[in-house]
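Student: Could you walk me through this structure with a few questions and answers?
Tutor: Gladly; let us open it and begin.

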Amino acid sequence: MLNQELADIFLNIAELLELKADNLFKIRAYEKAARNIESLNHDIGEIYKSGGIKALENIPGVGAHTALKIEEYLNTGKIKAFNALKHEFPNNFLKLVEIPGMGPKTAILLYKKLGIDSPEKLEKAIKAGKLKDIPGMGAKKEENILRGIELKKKVHGRFLLDVATSHAELLVEELSKLKVADKILPCGSLRRGKETIGDIDLLVVSSHPARVMDAFVGISAVKDVLAKGETKSSVILQNGMQADLRVVEEKSFGAAAHYFTGCKEHNIHLRQLAQQTGWKVSEYGIFRKDKQIGGETEEEMFSKFGFQFIPPELREMRGEFEAAAKGKIPDLIELKDIKGDLHLHTTASDGANTIEEMARAVKALGYEYILITDHSPSTRVAKGFSAAKLLQQIKEVRAAEKNVAGIRILAGSEVDIKPDGSLDYPDEILKQLDLVIIAVHSSFKMPEEKMTNRIIKAMQNKYANIFTHPTGRLIGEREGYAIDMEKVLQAAKENNVAMEINAHPKRLDLTDVHCMRAKELGVKLVINTDAHSTDQLQLMKYGVITARRGWLEAKDVLNTYSLTRLLQSLK
DNA sequence: GCCGTTTTCGGCCCGACTGTTTTCAGTCG
């Protein structure tokens, strides 16, 4: 939380300095600091507490000045220099710059000439024809800005990973129909598996770029064409999502794939390394003078610099280059490593399918075991049920296991953690279950300390095995409840409770960063779908990609184990 | 503002597309 707050502040400082046309490299420095702070896997408050200002300066991109600002924020809750900077512009002036097509230069120009300080005033001024007399403004530019304002009204922010994935798949399918695209690869944050996606980046290898461009802007899912050039086009899809397509030749495929996958800081770092070697890296390849010496494959983008291959999910400037230099890139978990799903609902509570239907669907995926986990009585909205009904369900689970050959079906429950930290079924009921998942479904607004203690108390119950969707967030809908994740992870370790990575694209919780920390602490993890129907079992891949972003290997995730080993690990 | 087995000062990634420019600035990724 604190990391994100500070990252946002430093990004805002960068934007404000850009409005002031301050030194471009100073602006970059703030952006870099912001991104590095955002991707820290430790709470910045903890870093400061344990190592003081020196520890802050050890964060890459954070120097003496930024460290002082962080210290000020940690101690006082504000940064004076930032507030002063904000006061140089009207309230919410940055909203103007957020409009696609508007940049700092245009925003300042229009503010000085016409006093425009909000998207609303901007829209009015354009429609009243007031921009006509401003040098550098023309009909096309007005049209672009209006379109940007409309887009901003309709699309609020980023898209969920599954939504972006399905749209990318659709575009790939359409482009495949052309016979001139030799390779099509979705890149960008989608390929890195980020929890939300801003736009779709597609890379195409073709010797007929013009035909690819024409086909791309002509796809029926395309609503609007933002730009169409010889090798690069940008469009807006019907759902408001932007998609960018770039065509390169085969010899540049690796360099282009690397470049379009990002992240930005990762790319810049590699380009800087190239400079130091006297080389140049661009999306076209690795060059010595004008001669291409690498970049046809993505592997070369790393091997030429003496690095191990860095999988896309790790390219977030979280130490991947240091690890790759030492040959310490982890052997990341893959979907095929998953042997079971330990969080499933059935028609007994709020699911859509029966125990046997879920079991058969899971078996078809090649898994070896499942855990049935319907809701406990407190979660009335989800049809949570009584202890008596749970005892009945245990019998149904045992019966189902006899009816569906080739898969182990375990009896469990997603048990509510009540506000006082006690569990929603008594121990004598819990002990009859094979495994118990614990969850927070109520009193989300508790203060952090109280919530943290509530969860830790629940973990101390000897029947608690897995803590599901640990922050309770719903991406784009609801913030997670306030918890001290560090303490919760410590408690998970002490009480041998596994932390869940919930694979639902709205949850993806634990997050990647928390996964990294959990692994460091030796906390056990599981990846579950929380499926409420058989088709949701497919969501496992999003949990796996989140685990990969958290540097997890199969051995870190219990449901890659055989059932025997899994049960031994949790008891 | 950050950073350093070529530097504590002098650098700081690289390129595509658009619009209105008369040779390029602004924006974007």
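What follows is a short dialogue about this structure.

Tutor: This is a predicted model, in which local features need pLDDT of at least 70, side-chain atom pairs count only at pLDDT 80 or more, and totals for chains, interfaces and linings use all residues. Residues are numbered from 1 along each chain as its sequence is written, chains are lettered from A and ligands numbered from 1 in the order in which they are written, and side-chain values use heavy atoms, with hydrogens and water left out.

Student: Which residues come nearest to DNA strand B?
Tutor: Let us take "near" to mean that a heavy atom of the residue lies within 4 Å of the strand. Sugar and phosphate account for 76% of the atoms of DNA strand B that come within 4 Å of the protein. There are 48 residues around the strand, and those that come nearest are Gly63, Thr106, Gly138, Tyr259 and Arg271.

Student: How do the residues of that surface near DNA strand B divide into nonpolar, polar and charged?
Tutor: Here Ala, Val, Leu, Ile, Met, Phe, Trp, Tyr, Cys and Pro count as nonpolar, Asp, Glu, Lys and Arg as charged, and the others, Gly among them, as polar. With that rule, the surface near DNA strand B holds 17 nonpolar, 17 polar and 14 charged residues.

Student: How far is the polar side-chain atom of Tyr284 from a phosphate oxygen of DNA strand B?
Tutor: A polar contact is a pair of N or O atoms within 3.5 Å; within protein, one must be able to donate a hydrogen and the other to accept it, and residues adjacent in sequence count only if both atoms are side-chain atoms. Lys105 reaches a phosphate oxygen of DNA strand B with a polar backbone atom, at 3.3 Å, and Gln275 reaches one with a polar side-chain atom, also at 3.3 Å. For the side chain of Tyr284, the distance to a phosphate oxygen is 2.7 Å.

Student: Which element gives the most to the surface near DNA strand B?
Tutor: Elements here are DSSP runs numbered from the N terminus: helices (H or I, at least four residues) and strands (E, at least two). Those that give two or more residues include helix 2 (24-38), helix 7 (104-114) and helix 14 (264-277). With five residues, the one that gives the most is helix 14.

Student: Why does the ring pair of Phe10 and Tyr30 count as stacked?
Tutor: Rings of Phe, Tyr and Trp (its six-membered ring) pair if their centres lie within 6.5 Å; planes under 30 degrees apart count as stacked, over 60 as edge-to-face and the rest as tilted. Phe10 in helix 1 (residues 2-19) and Tyr30 in helix 2 are 20 residues apart along the chain, and both are buried (under 20% relative accessible area; exposed is over 50%, partly exposed in between, with a 1.4 Å probe and protein chains only). The ring centres are 6.0 Å apart, and the pair is stacked because the planes meet at 20°.

Student: At what angle are the ring planes of Trp279 and Phe305?
Tutor: Trp279 is in strand 8 and Phe305 in the loop between helix 15 (298-303) and helix 16 (320-325), 26 residues apart. Both residues are buried. Their ring centres are 5.5 Å apart and the pair is edge-to-face, with the planes at 65°.

Student: In the open sheet, which residue of strand 12 is the bridge partner of Asp341?
Tutor: Strands pair if DSSP finds at least two bridges between them. Seven strands form the parallel sheet, in the order 11-12-13-14-15-16-17, and three bridges join strand 11 to strand 12 (residues 369-372). The partner of Asp341 is Ile370.

Student: Is Asn465 buried or exposed?
Tutor: Asn465 is in the loop between helix 20 (448-459) and strand 15 (466-467). A polar atom of its side chain lies 3.4 Å from the backbone oxygen of Leu570. With a relative accessible area of 2%, Asn465 is buried.

Student: What is the phi of Lys289?
Tutor: Lys289 lies in the loop between strand 9 (285-288) and strand 10 (291-294). Lys289 is exposed, with a relative accessible area of 75%. Although Lys289 is not a glycine, its phi is positive, at about 55°.

Student: Which residue does a cis peptide bond join to Gly262?
Tutor: The omega of this bond is about 0°. The partner is found in the loop between helix 13 (253-261) and helix 14: Cys263.
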